[in-house]
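Trainee: Could we go through this structure together? I'd like to see how each descriptive word is earned.

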Amino acid sequence: MVKEINFPKLVATKNTIEEYVDDMFKAIMKPPSDAHKVPLAIKYLFDLFDKEGKTHDVDGSILKTWKNNSFLARFWVQVITHPNFIFDIAPMRSVEVALDIISRMFLDSCSAVKIKFTKKSPVNRLLYTKEIENYRPLVDQFYSSVRDMPDFTRSELVKELEESGKNFSGLFSKSSTLSHLHLYAEEHYPELIKTLEEDEFEGNNDITDELRAILDKD
C-alpha cells in the first residue's frame, strides 16, 4: 500500500528533473571528438582490458564490467551521489536520497547484463525502466567510440598526465605518494617486470630499465 501511495509522488518529482538527468547522462556518454576529448588514460586502460580479454578469451560482458567498475562506477557514480566532493555545496539528506536513485539508474543502464524488473522490484528502480532501455545503447556506443580513438605514443600519454597533475599541485604529498609506490614496486617487483617486458605498448623496455635502476636491481 505504501508503495502505491508514494509512486505517483516519485513520478512527479522524476518528471520535474527528467530533462536535467537526461542531459547529464548524454554528456557523460558523449563520444570523443575534436571538440570533446576523452582522456588518453581512459583509452589506454580500456585498450589494456580489450587486449587482456582477447588474450585470455574473456567474455564481452566481463570486459564491459571491468570498464564499468574502473570508470563509470568508480568515478561518475561517486560524483552523482556526492556532488559536494567537487562542488562547494552542503550535503542535504533529502537531495542525497534522490541522487541515490539517479546513481542506481546510472548503474543499471551500464550493467553488462540486461536487468529484468518486476512488480516486486524496489519502487526507486522502477522509476527509470523506460530511460534505462534508452541509455544502454549510449553506453555501448561510448565504449566503441573510445576503442576507435586513434592510437597515441607514450610521450603523449605522459604529457597529458603531467598537465592534469598540475591542477592538483600542492594538494598531495609527493614524497608520501612516491614512498607508497616504491613499497608497492618492491613487493611486486617480479610481476611488474614480467608485465612490462610483455607489454607491446612499451616496445623498447625503457620503463623496465628505469624501474630496475630505481629499485637498484641487476
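Trainee: Which residues have the most contacts inside the largest nonpolar core?

Mentor: This is a predicted model, and its largest nonpolar core has 31 residues. M29, F46, L72, F106, Y128 and F142 have the most contacts inside that core. At least two core residues come from each of α1 (2-28), α2 (40-55), α3 (60-81), α4 (93-110) and α6 (129-147).

Trainee: What makes a set of residues a nonpolar core?

Mentor: The members must be buried residues of the kinds Ala, Val, Leu, Ile, Met, Phe, Trp, Tyr and Cys, joined through side-chain atoms within 4.5 Å. As background, nonpolar side chains in soluble globular proteins tend to be buried together. Apart from the largest core lies another one, of six residues, including A185, I193, L196 and L211.

Trainee: Back to Y128, then. Which residues does Y128 touch, leaving out those up to four places away in sequence?

Mentor: Y128 touches K14, I17, V21, I101, I102 and M105.

Trainee: Why are α2 and α3 called roughly antiparallel?

Mentor: Their axes cross at roughly 155 degrees. Angles over 145 degrees count as roughly antiparallel, so α2 and α3 are described that way. The axes come within 10 Å, and the crossing is right-handed.

Trainee: Which residues meet there?

Mentor: From α2 there are I42, L45, F46, F49, D50 and G53, and they meet L63, W66, K67, S70 and F71 of α3. By kind, the residues of this contact divide into seven nonpolar, two polar and two charged.

Trainee: And what makes α2 roughly perpendicular to α6?

Mentor: Compare the angle with the range again. The axes of α2 and α6 cross at roughly 95 degrees and come within 9 Å. The range for roughly perpendicular is 65 to 115 degrees, so α2 and α6 fit that description. On the α2 side the contact is made by K43, F46, D47 and D50, and on the α6 side by F142, Y143, V146 and R147. The residues of this contact divide into four nonpolar, no polar and four charged.

Trainee: One more residue: is K116 buried or exposed, and how do you know?

Mentor: K116 has a relative accessible area of 79%. Exposed means over 50%, so K116 is exposed. K116 is found in the loop between α4 and α5 (123-126).

Trainee: How far apart are K116 and T129 in sequence and in space?

Mentor: K116 and T129 are 13 residues apart in sequence, and their C-alpha atoms are 9.3 Å apart in space.

Conventions
Residues numbered from 1 in each chain as written. Predicted model: local features only at pLDDT ≥ 70, side-chain atom pairs only at ≥ 80, totals over all residues. Heavy atoms only, no water. Buried < 20%, exposed > 50% of the residue type's maximum accessible area, 1.4 Å probe, protein only. Helix = DSSP H or I, 4+ residues; strand = E, 2+ residues; numbered from the N terminus. Contact = heavy atoms within 4.5 Å. Axes fitted to C-alpha atoms, helices over the stretch in contact; angles between N-to-C directions. Parallel < 35°, antiparallel > 145°, perpendicular 65-115°, else oblique. Left-handed = near helix turned anticlockwise from the far one by under 90°. Nonpolar A, V, L, I, M, F, W, Y, C, P; charged D, E, K, R; others polar.
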